[in-house]
Amino acid sequence: MNVKSKEAIAAVTEDGRLVDIGEEEKVKNYLSFADEAGREIYWHSTSHIMAQAVKRLFPEAKLAIGPAIEEGFYYDFDIPRPLTDEDLEEIEKEMRKIIQEDLPFRRKEVSKEEAQKIFAERGETYKVEILEEIEESKVTLYEQGEFLDLCRGPHVPSTGYIKAFKLLSVSGAYWRGREDNPMLQRIYGISFDSEEKLQEFLKRREEAKRRDHRRLGRELDLFSLHEEGPGFPFFHPRGMVVINALLDLWRREHLKRGYQEVKTPMILERALWEQSGHWEHYRDNMYFTKIDDRDFAIKPMNCPGGILIFKSQLHSYRELPLRWAELGLVHRHELSGVLHGLMRVRCFTQDDAHIFMEPHQVKQEIIGVIELADYFYRLFDFTYEVELSTRPENSMGSDEMWDLATRSLEEALRELEVDYRVNPGEGAFYGPKIDFHLRDCLGRRWQCGTIQLDFAMPEKFDLYYIGEDGNRHRPVMLHRTVLGSIERFLGILIEQFAGAFPLWLAPVQVVILPIAERHIDYAREIKDVIFSEEIRVEINDENATLGAKIRKAEVEKVPYLAIIGDREMENRTLSIRKRKKGDIGSFTLDELLKNLKREIEEKVVD
RNA sequence: GCCGGUGUGGCUCAAUGGUAGAGCAGCGCAUUCGUAAUGCGCAGGUUAGCGGUUCGAGUCCGCUCGCCGGCUCCA
């Protein structure tokens with residue numbers, strides 16, 4: 001938008017700064033709600049309106065921060081009383097008034113000291129605290145009516161610009177995200193430039209709930225969760241079919257890429273975990289037990305086990321890189337409040353692998369893992385986000401080691417031209433990592449694949465191989481997952497497909513529906529043939545109408561239904577119904593089998 | 001772990017402090033049916049658990065546990 005239209009809410013200057021309408025000089029273009037930056041301004045402005053409403057209703061409330069987020073905005077308040085849903089309605093009502101009043105957002109530039117004085121007078125202790133950390137001598141304030149906030153801006157010209165909004169939820173949030181700080185009340189909301197868009201958003205959110213893996217997992221009889229094992233999921237026969245179909249492919253692809261499979265015990269002596277550094281850095285997340293008076297730990301990671309295998313033999317440089325994959329069941333004591341269906345659990349199966357290699361092989365191996373992860377994610381049309389996490393505070397190893405490891409990861413990402421974000425201080429305690437994040441049906445991001453480079457563990461365990469020169473050399477170790485946790489990945493898969501898995505993953509691929517009792521024998525014959533072709537087939541011979549059987553199969557999201565009545569028996573054919581599409585016509589058994597096999601082989605995603 | 005909410009048959013939900021009920025699913029019987037729900041019947045609950053208030057608690061209060069939405073933390 002180069003011309004200032006009536007939808008314009010802010011502007012971008014030629015040197016790339018975002019400014020208010022009215023402040024603009026040398027404008028490159030104007031922003032509206034249609035622009036990402038415009039939406040952010042719109043949402044941020046709505047958060048100011050919400051804060052104003054809260055201050056009107058709760059004059060004692062103290063303001064913390066109120067940014068725009070990916071979808072919407074929030075504002076944190078320190079209010080003595082917990083807010084209820086009724087309070088939210090009152091706040092919404094007040095916001096409507098403020099929007100009606102069409103108060104202009106006024107920008108003011110003041111000195112930092114002056115700002116501190118203003119906020120101190122108003123009792124806004126959090127704002128004063130924020131000001132203490134601002135280095136610039138000048139700060140900007142935004143004022144609409146009686147409301148004043150410390151803010152960089154820009155904002156929409158006036159409160160009347162906000163056309164439709166809704167407050168979505170209240171929840172607790174630590175001041176500055178630190179556990180030891182007081183807990184504030186955070187109100188989440190969203191706004192749009194039309195009521196229709198708001199309604200569409202709310203509808204989309206409602207529909208997303210129907211894709212929730214926790215709901216579908218129960219409805220499709222894939223898994224269950226029980227009070228008796230919080231965070232420890234139970235997989236049912238149908239869930240295991242999906243997992244095993246996935247793992248079949250996983251094994252084939254790993255074999256193809258030169259991996260070998262290993263398996264290490266779930267319980268290992270505490271001394272091992274002390275040596276690996278887990279005792280020092282990861283103890284709070286571990287479970288412990290005692291056997292014959294010796295202390296053991298339930299493994300939270302698979303690496304020490306893999307290391308013991310490595311150390312069980314002398315290795316030559318000719319063997320490297322050694323790629324050892326392990327579907328390892330790990331247990332981690334996660335805080336009770338973070339458990340979430342299959343996405344966040346206390347025991348999960350990592351599709352782990354440890355690669356032991358020579359230093360010069362590092363980049364190539366990282367590239368290999370990135371490509372493998374990409375293969376799996378593309379298979380399901382997942383879009384994913386990549387993050388590079390650097391050295392955390394509580395970590396082991398030297399700075400040089402960390403620099404080298406971090407650089408290697410960066411180089412591999414650059415070589416493959418992968419877009420990524422840097423996450424400072426978020427690496428593992430033994431090395432930096434590249435993480436792959438997938439999104440669930442509500443847009444929440446979950447880490448799945450990870451590539452962690454580790455120079456520390458080989459040191460701790462004195463790992464070595466014999467080089468070409470006949471001397472001992474230290475291998476570099478790489479920890480990685482591709483799917484991440486099988487549990488989490490299944491959760492994402494369920495939500496991605498809303499339970500309607502591609503044929504190759506579907507727990508039941510074909511259901512045969514005999515129309516009347518006299519068709520059952522023939523239907524069983526057909527079933528046996530399909531079954532012998534390793535296709536997961538069931539027969540619904542219960543005493544119900546065809547319509548009812550079809551409905552049941554559709555609800556269960558079975559990809560193909562084969563209907564058998566008098567006509568089919570006579571012509572030796574099957575009437576085929578495709579999930580969500582309906583009747584697709586008559587096929588001979590051979591034709592059906594050929595089509596099914598092709599669809600399975602090609603792993604068709606529709 | 002923290003903040004808030006919440007917990008009634010397998011599932012979805014009813015029940016002014018006064019006898020716990022419905023639909024779906026399940027089971028039985030009848031029906032033998034042509035592309036998303038055939039009919040009738042039966043069974044199923046110490047209202048998450050423990051304690052308290054009360055003549056009387058699913059309902060009010062307290063504690064514990066689970067779950068939901070966030071925060072923090074992570075695959």
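**Exercise 1. State which domains chain A is divided into, and describe the chain as a whole.**

Solution. Chain A is divided into domain 1 (10-207), domain 2 (249-496) and domain 3 (510-601); such bounds come from an automatic or database domain assignment. This is a predicted model, in which local features need pLDDT of at least 70 and side-chain atom pairs count only at pLDDT 80 or more, while totals for chains, interfaces and linings use all residues. Residues are numbered from 1 along each chain as its sequence is written, chains are lettered from A and ligands numbered from 1 in the order in which they are written, and side-chain values use heavy atoms, with hydrogens and water left out.

Step 1. Taken over C-alpha atoms, the centres of domain 2 and domain 3 are separated by 44 Å.

Step 2. The C-alpha trace of chain A spans about 85 × 75 × 50 Å along its principal axes.

Step 3. Chain A has 18 helices and 31 strands. Helices (H or I, at least four residues) and strands (E, at least two) are DSSP runs, numbered from the N terminus.

Step 4. Of the 606 residues in chain A, 51% are buried, where buried means under 20% relative accessible area, exposed over 50% and partly exposed in between (1.4 Å probe, protein chains only).

**Exercise 2. Find the order of the strands in the open sheet that contains S1, and name its edges.**

Solution. Step 1. The order is S2-S1-S3, with antiparallel pairing. Two strands pair if DSSP finds at least two bridges between them.

Step 2. Strand S2 (18-20) and strand S3 (27-31) each have a single partner strand, so one side of each lacks a neighbour in the sheet.

Step 3. From one strand to the next the twist averages 35°; axes are lines fitted to C-alpha atoms, for helices over the stretch in contact, and angles run from 0 to 180 degrees between N-to-C directions.

Step 4. Strand S1 (residues 10-13) is joined to S2 by 3 bridges, and Ala11 stands opposite Val19 in S2.

**Exercise 3. Decide whether strand S27 is enclosed, and find its pairing with S28.**

Solution. Step 1. In strand S27 (residues 510-514), 5 of the 5 residues are buried, so the strand is largely enclosed by the rest of the structure.

Step 2. In a regular strand the side chains alternate between the two faces of the sheet. For S27, Val510, Ile512 and Pro514 lie on one side and Val511 and Leu513 on the other, all of them buried.

Step 3. S27 pairs with strand S28 (residues 537-539) in the parallel sense over 3 bridges. Ile539 in S28 is the bridge partner of Ile512.

**Exercise 4. Describe the protein surface near RNA strand B and the polar contacts made there.**

Solution. Step 1. RNA strand B is surrounded by 55 residues, the closest being Tyr174, Ser336, Arg344, Gln447 and Asn543. A residue is near a strand if one of its heavy atoms lies within 4 Å of it.

Step 2. The surface residues divide into 19 nonpolar, 15 polar and 21 charged. Here Ala, Val, Leu, Ile, Met, Phe, Trp, Tyr, Cys and Pro count as nonpolar, Asp, Glu, Lys and Arg as charged, and the others, Gly among them, as polar.

Step 3. H16 gives the most to this surface, with 6 residues.

Step 4. A polar contact is a pair of N or O atoms within 3.5 Å. An N or O atom in the side chain of Arg444 is 3.2 Å from a phosphate oxygen of RNA strand B, and a polar backbone atom of Asp566 is 2.8 Å from a base oxygen.

Methods:
Polar contact = N/O pair within 3.5 Å; in protein donor to acceptor, adjacent residues only side chain to side chain.
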